[in-house]
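The following exercises invite the reader to examine a protein structure step by step. Each task is followed by a worked solution.

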Amino acid sequence: MSIEKTHVKKNDMVEIIAGKERGKTGKVLRVLPGKGRVVVESLNVIKRHTRPNQLNPEGGIVEKEAPLSISNVMLICGSCNQATRTGVRMLEDGSKTRYCKKCNESVDK
């Protein structure tokens with residue numbers, strides 16, 4: 001699966017719309033466009049058993065966020081505070097910006 005274009009970016013607030021975490025919100029920590037996945041802060045947390053190493057001398061169980069499919073997240077608009085679909089609009093100077101399809105406001109600052 002190779003998705004290059006994504007509707008979310010790093011530091012966006014998103015809502016999970018599918019799976020066991022449905023309805024929860026969080027900030028995007030990382031986007032993996034080649035795999036079509038995103039890592040959301042404090043959501044989809046898994047436990048990993050790690051061996052002792054230089055960074056973690058004791059080893060043990062480490063909790064970390066696992067990536068989830070980008071199709072399972074929706075961007076939260078900053079102005080209307082709702083999970084929304086986004087569109088892309090060309091500005092006068094030739095640059096692109098994302099906009100909320102519900103309130104028609106720009107999502108990018």
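A strand is a DSSP run of at least two E residues, and strands are numbered from the N terminus. The model under study is predicted.

**Exercise 1. Describe the surroundings of T97.**

Solution. Step one is to locate the residue: T97 belongs to strand β10, which covers residues 96-100.
Step two concerns accessibility. Buried means under 20% relative accessible area. T97 has a relative accessible area of 9%, and therefore it is buried.
Step three is to list the neighbours. Leaving aside residues up to four places away in sequence, T97 touches G87, V88, R89, L91, S106 and D108. With S106, the side chain of T97 also makes a polar contact, side chain to side chain, at 3.0 Å.

**Exercise 2. Determine the strand order of the open six-stranded sheet and identify its edge strands.**

Solution. The order of the open sheet is β6-β3-β2-β1-β7-β8, and the pairing is antiparallel. The edge strands are β6 (68-69) and β8 (83-84), each of which pairs on one side only.
The pairing of β7 with β8 is antiparallel and rests on two bridges. The bridge partner of I76 in β8 is A83.

**Exercise 3. Identify the residues with the most contacts inside the largest nonpolar core, and the elements that supply it.**

Solution. The largest nonpolar core has 14 residues, and those with the most contacts inside it are V8, V14, I16, V38, V40, L68 and V73. Two or more residues come from each of β1 (13-16), β3 (37-40) and β7 (73-76).
Next, consider L68. Not counting residues up to four places away in sequence, L68 touches I16, G36, R37, V38, V40, N44 and V73.

**Exercise 4. Why does C80 form no bond with C77?**

Solution. A disulfide requires two cysteine sulfur atoms within 2.5 Å. The closest cysteine sulfur to that of C80 is in C77, at 3.6 Å; because this is too far, there is no bond. C103 is likewise in no disulfide, the nearest cysteine sulfur being that of C100, 3.5 Å away.
A search of the whole structure finds zero disulfides.
As for accessibility, C80 is partly exposed at 24%, and C103 is partly exposed at 26%.

**Exercise 5. Characterise the span that UniProt annotates as a KOW domain.**

Solution. The unreviewed UniProt entry places "domain: KOW" at residues 7-34. In the model, this span is 0% helix and 43% strand, and its end C-alpha atoms lie 14 Å apart.

Definitions and conventions:
Residues numbered from 1 in each chain as written. Predicted model: local features only at pLDDT ≥ 70, side-chain atom pairs only at ≥ 80, totals over all residues. Heavy atoms only, no water. Helix = DSSP H or I, 4+ residues; strand = E, 2+ residues; numbered from the N terminus. Buried < 20%, exposed > 50% of the residue type's maximum accessible area, 1.4 Å probe, protein only. Polar contact = N/O pair within 3.5 Å; in protein donor to acceptor, adjacent residues only side chain to side chain. Contact = heavy atoms within 4.5 Å. UniProt positions renumbered as here; feature names shortened; annotations may be inferred. Core = buried A, V, L, I, M, F, W, Y, C linked by side-chain atoms within 4.5 Å. Pairing = 2+ DSSP bridges.
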